[in-house]
Structures are given as structure tokens and as C-alpha cells.
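User: I would like a close look at one part of this model, with attention to charged side chains that pair with each other. Please set that part in the context of the rest of the chain.

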Amino acid sequence: MTPRRELIALVGADLLSNLGSRISILAIPWLVLETTGSPAKMGVVAAAETLPYLLSSALGPPLADRIGLRRTSILADVGSAGLMVAVALTPWLGFGALVALVALVGTLRGVGDRVKHVMFRPAAQAAGVRLIRLTSVYDGMSRLTTLLAASIGGLLIWWLGATSAILVDASTFAVCALLISTLVRRTTGGAAGSRPESYLRALAGGLRYLGQDRTVLTMLLVISALNMVVNASIAVYIPLWVNDVLGNPAGLGLVLGAFAAGALLGNLLFTTFGSRLRRDLTFAIGAAVSGPPRLLVLALSDDLTVVFAVTFVSGVGIAVVNPLLGVALYERPPADLQSRVIGLAGALAFAGLPLGALLGGWSVTTLGLEPALVTAAVFVLAVTAVPLAAALRPMPKQAPLVDVSDRERVPS
């Protein structure tokens with residue numbers, strides 16, 4: 001097995017796991033609806049997975065360093081496969097058992113996802129693949145996986161039922177564990193070989209690093225704010241705008257599809273030209289383009305063509321944000337801190353997701369749709385202005401970072 005094939009197997013296993021997880025995001029609420037008929041319980045189940053996922057993303061990596069990243073990934077996937085089989089049996093086990101099982105799945109997924117991402121860096125270096133190319137391609141494939149999962153998940157529920165769709169997710173976890181256990185051998189990472197630390201000291205080391213690295217921390221805060229607004233848009237703003245202006249749910253797919261299409265085009269462009277661009281300025285412009293315009297056009301226009309075009313451009317902007325954060329997380333933290341820094345970073349970046357839907361609903365109830373959209377746009381504009389101002393400010397000359405994977409000098 002060559003290093004490049006090991007990298008392909010690792011990335012492929014991660015994407016396959018994500019595909020299954022996104023199918024279950026549709027199938028589990030549908031199972032709850034079929035068995036209980038309660039929308040409130042659907043929300044409880046969704047929250048039961050999200051919160052443990054965030055917590056384990058932050059708190060799990062120090063333990064993974066002790067167990068070993070590859071072994072942790074395999075154990076997490078095997079455990080998730082077994083738990084998803086149990087989830088499929090919950091019509092006979094009861095709602096309380098379902099909530100507990102989903103929470104356990106979220107816990108294992110959080111730490112499993114984070115350690116796989118830590119393993120990307122040494123695998124890419126062994127294969128001679130540029131980190132910025134890897135993060136860009138991965139982001140594009142991840143977005144494509146999300147689009148496919150929505151269609152596949154809906155069809156599986158329709159053809160086979162929610163229980164069978166959940167079992168498909170269980171099988172993806174099992175295949176993921178098999179791929180990593182048999183095809184990924186050379187990948188190491190984290191604190192392997194270093195003197196063991198206590199759990200709290202290891203966790204504190206990651207927190208201390210994030211507090212000191214202003215560049216990474218700023219990027220994370222910006223992405224968390226963008227995630228918050230994106231989730232508010234998907235859950236509240238866009239459906240309400242479509243209902244008020246178009247009165248046709250088909251418009252919902254058009255608006256969301258425009259953003260996804262723009263993101264895929266932007267990812268293709270960034271994969272091709274990203275290594276030639278100044279990273280801090282590209283991140284700042286991409287973040288600024290991806291957030292405020294798509295909110296303001298919903299507040300100010302009733303023309304679907306205009307909304308479609310602006311939303312498409314915003315999608316192009318978002319395509320550079322996650323890959324640039326990814327490469328910063330691979331290049332900047334020391335190797336012995338990387339797993340815990342990536343874990344904490346993932347939790348912070350995703351923290352805006354559950355908050356976004358809540359604030360979206362509250363803002364519309366309190367202010368009305370148009371004022372809520374303008375308020376959200378102003379908030380995101382203020383947040384994204386911080387890295388943009390920093391990127392445009394003249395900086396004193398300093399030694400650049402060196403990307404050890406592609407041996408080229410890049411700005412910090």
C-alpha cells in the first residue's frame with residue numbers, strides 16, 4: 001500500500017462515514033415522527049446528538065492521544081456501527097433508549113471525526129500532497145457528500161423505510177472501520193512518542209495554544225458566526241422568505257441549491273488557484289462575501305433571480321473559508337498539541353449551529369423577518385470586518401511559516 005493510496009483510503013473512509021451520518025440525520029427524526037407523532041420529540045433527538053458531539057470533539061482528543069489516533073478512529077466507528085443498529089431497534093426499546101443511544105453516537109462521532117482530521121496531515125505529508133490542496137479537495141467532496149446524502153437519504157426512507165436507512169448508516173461506519181484498520185498503516189499524529197500528560201494538563205495545553213494564536217482564534221470565531229447565520233437561514237429565514245414571497249416550497253430548493261452550486265464552483269477554483277493566493281486576505285474576503293450579501297438580498301429583494309445570483313456568489317465565497325482554516329490548523333500548532341487543538345477548534349466552529357436556529361426563530365418573532373435579516377447581516381459584517389481589516393493593515397516584515405508538505409514559503 002503506497003502512501004498516496006493510504007491517504008485516499010483515509011479520506012474516503014471519512015467521507016463515507018459522513019455520508020451515512022447525514023442519511024441518519026434525515027432517517028432518525030423520521031423514525032421518531034413515525035413512532036411518536038411528536039415534532040417536539042424530533043427536536044429533542046436532534047439536540048441529544050448535537051451537544052455530545054460538540055463536547056466530545058473538544059474533550060475527547062487528549063484521551064485519543066493516549067489510546068492512539070488510528071485505534072481511536074477504529075473503535076469509534078465500530079462502536080457507532082453497533083449503536084446505530086440499536087437505534088434501528090428503538091421502536092421496541094422506547095423513546096428514552098433512543099435519546100440515550102443517539103447521545104452515545106454523537107459522543108463517538110465527535111471524537112472519531114476529529115482524530116481522522118488529525119491523521120490527514122501526516123498522511124498527506126507521506127504522500128507528498130500539499131496541505132492546502134488536500135483541505136480544498138476535502139471541503140469540496142464534503143459538500144458534494146452533503147448534497148448526495150439528502151437525495152439518497154430521502155430515497156432510502158421512501159423505498160426501504162427509516163429503520164433500513166439507519167441500518168445503512170450503521171454499515172457505513174463498519175466499512176469505515178474496516179478501511180482504516182486494513183488500508184491505513186503509516187499514519188501517525190498527535191502526541192505519539194511524547195511523555196504522557198495528565199488529561200487536564202493535556203486539555204489545558206490545547207486551550208492555552210488557542211488563546212495565544214490570534215490568527216487561528218479569529219478564524220474560528222468568524223466561522224462560528226457564519227455557521228450560526230447559515231443555520232438560522234436554513235432553519236428559519238429562507239423558508240419564511242420563500243413562503244412569504246413565492247408561496248411555493250420549490251423555491252426553497254432553488255435558493256439552497258444556488259448556495260451549494262456556488263460553493264462547488266468556488267471550491268473548484270480554489271483547488272486550482274488557491275496556492276497562489278494570499279491566505280489571510282482570501283479568507284477575509286471569502287468570509288465577508290459569504291455572509292452579509294445573502295442576508296441583505298433576502299431583506300431587500302423579492303426577485304428570485306436576484307436572490308439566486310447573490311446567493312450563488314455567496315456560495316463561491318464560502319468555499320475558501322473552511323480549507324484555509326484547515327490548513328492553518330495543520331501548519332500552525334505543534335504536532336504534540338495538534339489533536340487537542342483541532343478538537344477544540346471543531347467544537348468552537350460548530351458551536352454556532354445549535355444557537356443559530358434558536359436565535360433565528362427568536363429574532364423573527366421579536367423583530368419580523370426583514371429587520372431580523374438586516375440585524376443578522378450587520379452582525380456578520382461586523383464579525384467578518386475584523387480579519388478583513390487585519391489583512392488590509394500594513395504589517396511589519398516577519399519570517400513566514402514553512403509548509404513542510406510542499407516546501408514553499410507561505411504567509412502566516
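Are Arg279 and Glu331 buried or exposed?

Analyst: In this predicted model, Arg279 is buried, and Glu331 is buried as well. The two residues form a salt bridge, in which the closest N and O atoms are 2.9 Å apart. Arg279 belongs to helix α12 (residues 279-290) and Glu331 to helix α15, so their pairing ties together parts that are 52 residues apart in sequence.

The residue that follows in the numbering, Arg332, takes part in another salt bridge. Its side chain meets that of Asp213, at 2.9 Å from N to O. Arg332 is located in the loop between α15 (321-331) and α16 (338-350), while Asp213 is located in the loop between α9 (199-212) and α10 (214-246); the pair therefore ties together parts that are 119 residues apart in sequence. The two partners can be described by their accessibility. Arg332 has a relative accessible area of 23% and is partly exposed, whereas Asp213, with a relative accessible area of 6%, is buried. The cut-off applied here is that a buried residue has under 20% relative accessible area.

The search of the whole structure finds 7 salt bridges. One of them joins the side chains of Asp77 and Lys116, at 3.0 Å from N to O. Asp77 lies in helix α4 (residues 69-88) and Lys116 in helix α6 (residues 95-127), so this pair ties together parts that are 39 residues apart in sequence. Asp77 and Lys116 are both buried.

Two further helices complete the picture. Helix α8 (residues 162-183) contains 22 residues and reaches 32 Å from its first C-alpha to its last, close to the 32 Å expected at 1.5 Å a residue. Its buried residues include Ala165, Ile166, Asp169, Phe173, Cys176 and Ile180. Seen down the axis of α8, the buried residues fall within an arc of 155°, so they line one face of the helix.

The other is helix α7 (residues 131-160), in which Leu144 lies. Leu144 is partly exposed, with a relative accessible area of 34%. Together with Val137, Met141, Leu147, Leu148 and Ile152, Leu144 makes a nonpolar surface patch of about 450 Å². A residue needs over 30% relative accessible area to be part of such a patch, so Leu144, at 34%, satisfies that cut-off.

How values were computed. Residues are numbered from 1 along each chain as its sequence is written. This is a predicted model: local features need pLDDT of at least 70, side-chain atom pairs count only at pLDDT 80 or more; totals for chains, interfaces and linings use all residues. Side-chain values use heavy atoms; hydrogens and water are left out. Patches are made of residues with over 30% relative accessible area and no salt bridge: like charges are joined within 9 Å, nonpolar side chains (Val, Leu, Ile, Met, Phe, Trp, Tyr) within 5 Å. Accessible areas come from the Shrake-Rupley method with a 1.4 Å probe; for residues, only the protein chains shown count as cover. A salt bridge is a side-chain nitrogen of Lys or Arg within 4 Å of a carboxyl oxygen of Asp or Glu. Helices (H or I, at least four residues) and strands (E, at least two) are DSSP runs, numbered from the N terminus. Buried means under 20% relative accessible area, exposed over 50%, partly exposed in between (1.4 Å probe, protein chains only). The expected span of a helix is 1.5 Å times one less than its number of residues. The arc is that of the directions from the helix axis to the C-beta atoms.
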